[in-house]
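This report describes the architecture of one protein chain for a reader who has not met it before. The sequence and the structure appear first, and the description follows.

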Amino acid sequence: MCEKDRVIDILLKTGRTVAAAESCTGGMVAKAFTDYPGVSAVFLEGIVTYANEAKIRMCVKPETIEAHGAVSHETAREMAEAVQKRAGADVAVSTTGIAGPGGGTARKPVGLVYVGIRTEKGTKTYTLRLSGNRATVRQKTVNAVFHFLLNALEEL
């Protein structure tokens, strides 16, 4: 069983709910969940906050984006925490990064992605440095989300 299947199996068996706030993945995490019949029992919502203004409307502090940027641990943390609160979910995930081909800098290159995972034990963020084209970076990010989410669920 792949990690995505295992995550959904755990959620369905435990009744834990999940929500997602996505930037660079543009709804791909939500799609990965909703590809499964019956997942509406545990997947509450997914939101795409692509522009900085959307992140701010969702409750990322403007000063966080100003100080650390939209692509940062801090923004990923606030996104996960905000979507968990908004949805009333047990668990939340977030993605923010630079999928390319443009938009990268020397300090924040294409392929830099941050993933946030929020559970009752707190919020963890992870740094990914991915290679490949835009589609590859985005798909690798979705795979990483399910990997980190599986680890978090197994720790609960």
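Helix α6, residues 134-155, has 22 residues and reaches 32 Å from its first C-alpha to its last. That reach is close to the 32 Å expected at 1.5 Å a residue. The model in which this helix is seen is a predicted one. At the N-terminal end of α6, N133 acts as the cap, with a side-chain oxygen 3.2 Å from the backbone nitrogen of A135. The buried residues of α6 are V137, T141, V142, A144, V145, F146, F148, L149, L150, A152 and L153. The elements that cover them include the helices α1 (3-14) and α2 (28-34), together with β1, β3, β4 and β5.

**The nonpolar cores**

In soluble globular proteins, nonpolar side chains tend to be buried together. The largest nonpolar core here has 31 residues, of which V7, F33 and L149 touch the most other members. At least two residues of this core come from each of α1, β1, α2, β3, β4 and α6. Helix α6 gives the most, with ten residues. Beyond its neighbours within four places in sequence, V7 is in contact with F33, F146, L149, L150 and L153. Another core lies apart from the largest one and has twelve residues, including A19, V60, I65 and A89.

**The sheet**

Five strands form an open sheet in the order β2-β1-β3-β4-β5, and the pairing is mixed. Its edge strands, β2 (43-48) and β5 (122-129), each pair on one side only. From one strand to the next, the twist averages 15 degrees. Helix α5, residues 73-87, lies across β1, β2, β3, β4 and β5 and runs at about 145 degrees to β3.

Two of the strand pairings are set side by side below.

| Strands | Sense | Bridges | Residues facing each other |
|---|---|---|---|
| β1 and β2 | parallel | five | A19 and E45 |
| β4 and β5 | antiparallel | eight | Y114 and T127 |

Is strand β1 enclosed or open to the surroundings? Five of the five residues of β1 are buried, so this strand is largely enclosed by the rest of the structure. In a regular strand the side chains alternate between the two faces of the sheet. In β1, V18, A20 and E22 point one way, while A19 and A21 point the other way, and all are buried.

**Two threonines in the strands**

T95 is found in strand β3. Its relative accessibility is 1%, and because buried means under 20%, T95 counts as buried. Leaving aside neighbours within four places in sequence, the contacts of T95 include A21, E22, S23, C24, T25 and V29. Further contacts of T95 are M79, Y114, T141 and V145. Of these partners, T141 and V145 are among the buried residues of α6, while Y114 is the residue that stands opposite T127 in β5.

T119 has its place in strand β4. With a relative accessible area of 7%, T119 is buried as well. Not counting residues up to four places away in sequence, T119 touches D90, V91, A152 and L156. One of these, A152, is a buried residue of α6. T119 and A80 are 39 residues apart along the chain, and their C-alpha atoms are separated by 9.4 Å.

Definitions and conventions:
Residues numbered from 1 in each chain as written. Predicted model: local features only at pLDDT ≥ 70, side-chain atom pairs only at ≥ 80, totals over all residues. Heavy atoms only, no water. Pairing = 2+ DSSP bridges. Helix = DSSP H or I, 4+ residues; strand = E, 2+ residues; numbered from the N terminus. Axes fitted to C-alpha atoms, helices over the stretch in contact; angles between N-to-C directions. Contact = heavy atoms within 4.5 Å. Expected span 1.5 Å × (residues − 1). Buried < 20%, exposed > 50% of the residue type's maximum accessible area, 1.4 Å probe, protein only. Polar contact = N/O pair within 3.5 Å; in protein donor to acceptor, adjacent residues only side chain to side chain. Core = buried A, V, L, I, M, F, W, Y, C linked by side-chain atoms within 4.5 Å.
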